[in-house]
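Here is a short briefing on how one chain packs. Keep the sequence and the 3D view open while you read.

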Amino acid sequence: MVWKEERWYKRRVHLGRQKEAFDAEMYAMSEAVKIADEICSEKGVRRVTIFMDSQATLRRIQLDEPGPGQILALRTMNWESELIDKNIQVEYWWVPAHKGVEGNKEVDLQAMKAAYKHCGSYTETQNPLKHLNYVSFAHINRRMTEVKWEESKNKIKEMGKKSKHSYRYDLVMKGSNGVTMTSQKSIAARFYQLKTGHAIIASYLRRIGKGDMKCWWCGHEYQTRDHLFKWCKGWKREQKRLWVDGQKGEHGYEGIEKVLKKPKISLPMSLVFAEEKCSQALLDFLSVTDVGRISGVAEEAENSDHEESSDGGV
Ligand SMILES: [Zn+2]
């Protein structure tokens with residue numbers, strides 16, 4: 001999306017299958033720099049500002065190392081050096097996602113249209129480009145996580161056969177998360193769903209095109225994982241126990257802020273979920289809240305198509 005001569009100029013591309021949101025963001029970035037090069041050459045512009053809501057992308061375009069997004073990082077660098085050769089200055093600005101930035105709604109709409117392209121129901125979108133015909137590293141990473149998630153589900157099922165209500169099964173020997181595996185089945189399932197970003201929360205439903213982002217417990221504008229575990233007014237007491245107080249007793253645990261020696265505001269949930277020392281506290285939080293629990297509406301969404309679209313945020 002580019003604001004030019006009193007209107008929005010749009011370009012959308014279907015990236016083909018086997019890509020992730022990160023690839024879309026990286027592609028959008030490289031495309032933005034390319035478009036800047038096209039426009040500047042014809043208009044004699046001296047300075048370009050690119051807005052992006054993905055910090056991962058802003059970090060990635062500074063490195064040409066192998067790994068997820070490498071091809072697109074190089075593509076961005078190439079177009080940037082074209083601009084620099086012409087003595088045009090390029091600046092990258094980070095903007096928070098969906099924070100009332102004009103054009104963001106339109107970007108979402110365009111992304112949706114591009115994602116529909118593969119169904120053959122929309123014809124204005126460009127076809128996947130030849131040079132994008134590869135399986136992305138980010139996609140492989142996600143598929144591997146999904147395989148692990150499948151394995152976990154099977155383990156949980158296996159435990160379910162042993163006893164109806166408690167699942168004490170020694171998986172520590174097998175290198176799994178022992179704490180999780182001794183918890184109740186449904187809580188463990190929610191734990192893994194939240195860990196992998198597939199839990200039933202508003203931001204997930206929004207991502208797969210069902211409903212808005214509003215928190216159904218406190219009405220806050222965005223119900224994200226961060227919101228639910230740290231800030232949601234619906235779970236204040238439980239949050240205090242999770243982050244500060246902890247739980248005394250035989251199966252007790254320390255509050256996460258104490259365990260990780262940082263205030264919750266500077267602890268991303270991805271990190272907290274990755275840290276095994278926090279599992280007990282997180283599981284306890286899930287056992288006393290309905291966070292990530294499947295409801296009627298959510299179940300329907302869960303069973304529907306998982307095709308993802310990403311707006312690329314530019
Ligand atoms: Zn809330």
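The points below cover the nonpolar cores, one helix pair, one enclosed helix and one loop residue.

This is a predicted model. Its largest nonpolar core holds 30 residues. A second core of 17 residues is separate from it. Helix 1 and helix 3 form a roughly parallel pair.

**Largest nonpolar core**
- Seven members touch the most other members of this core: Phe-191, Ile-201, Leu-242, Ile-256, Ala-281, Leu-282 and Leu-286.
- The elements giving two or more residues are helix 7 (185-196), helix 8 (202-207), helix 9 (225-231), helix 10 (236-245) and helix 13 (279-288).
- Helix 7 makes the biggest contribution, with six residues.
- In soluble globular proteins, nonpolar side chains tend to be buried together.
- Beyond its neighbours within four places in sequence, Ile-201 contacts Gln-223, Arg-225, Leu-228 and Gly-292.

**Second core**
- Leu-15, Phe-22, Met-52 and Ala-138 are among the 17 residues of this separate core.

**Helix 1 and helix 3**
- Two packed helices are described by the angle between their axes and the distance between the axes.
- Helix 1 spans residues 21-43, and helix 3 spans residues 70-85.
- Their axes come within 9 Å and cross at roughly 15°.
- Angles under 35 degrees count as roughly parallel, so helix 1 and helix 3 are roughly parallel to each other.
- The crossing of helix 1 past helix 3 is left-handed.
- On the helix 1 side, the contact residues are Asp-23, Met-26, Tyr-27, Met-29, Ser-30, Val-33, Lys-34, Ala-36, Asp-37 and Cys-40.
- On the helix 3 side, they are Leu-72, Ala-73, Arg-75, Thr-76, Trp-79, Glu-80, Glu-82 and Leu-83.
- By class, this contact has 10 nonpolar, two polar and six charged residues.

**Helix 13**
- Helix 13 is largely enclosed by the rest of the structure, because eight of its 10 residues are buried.
- Those buried residues are Ser-279, Gln-280, Ala-281, Leu-282, Leu-283, Asp-284, Phe-285 and Leu-286.
- Among them, Ala-281, Leu-282 and Leu-286 are also listed with the core members that touch the most others.

**Gln-247**
- Gln-247 sits in the loop between helix 10 and helix 11 (256-260).
- Gln-247 has 14 C-beta neighbours inside 10 Å, so it counts as partly exposed.
- Leaving out neighbours within four places in sequence, Gln-247 contacts Arg-241, Gly-252, Tyr-253 and Asp-284.
- Asp-284 is one of the buried residues of helix 13.
- Gln-280 is another of the buried residues there.
- Gln-247 and Gln-280 lie 33 residues apart in sequence, with 9.9 Å between their C-alpha atoms.

Notes: Residues numbered from 1 in each chain as written. Predicted model: local features only at pLDDT ≥ 70, side-chain atom pairs only at ≥ 80, totals over all residues. Core = buried A, V, L, I, M, F, W, Y, C linked by C-beta atoms within 7 Å. Buried ≥ 20, exposed ≤ 12 C-beta atoms within 10 Å, placed from the backbone. Helix = DSSP H or I, 4+ residues; strand = E, 2+ residues; numbered from the N terminus. Contact = placed C-beta atoms within 7 Å. Axes fitted to C-alpha atoms, helices over the stretch in contact; angles between N-to-C directions. Parallel < 35°, antiparallel > 145°, perpendicular 65-115°, else oblique. Left-handed = near helix turned anticlockwise from the far one by under 90°. Nonpolar A, V, L, I, M, F, W, Y, C, P; charged D, E, K, R; others polar.
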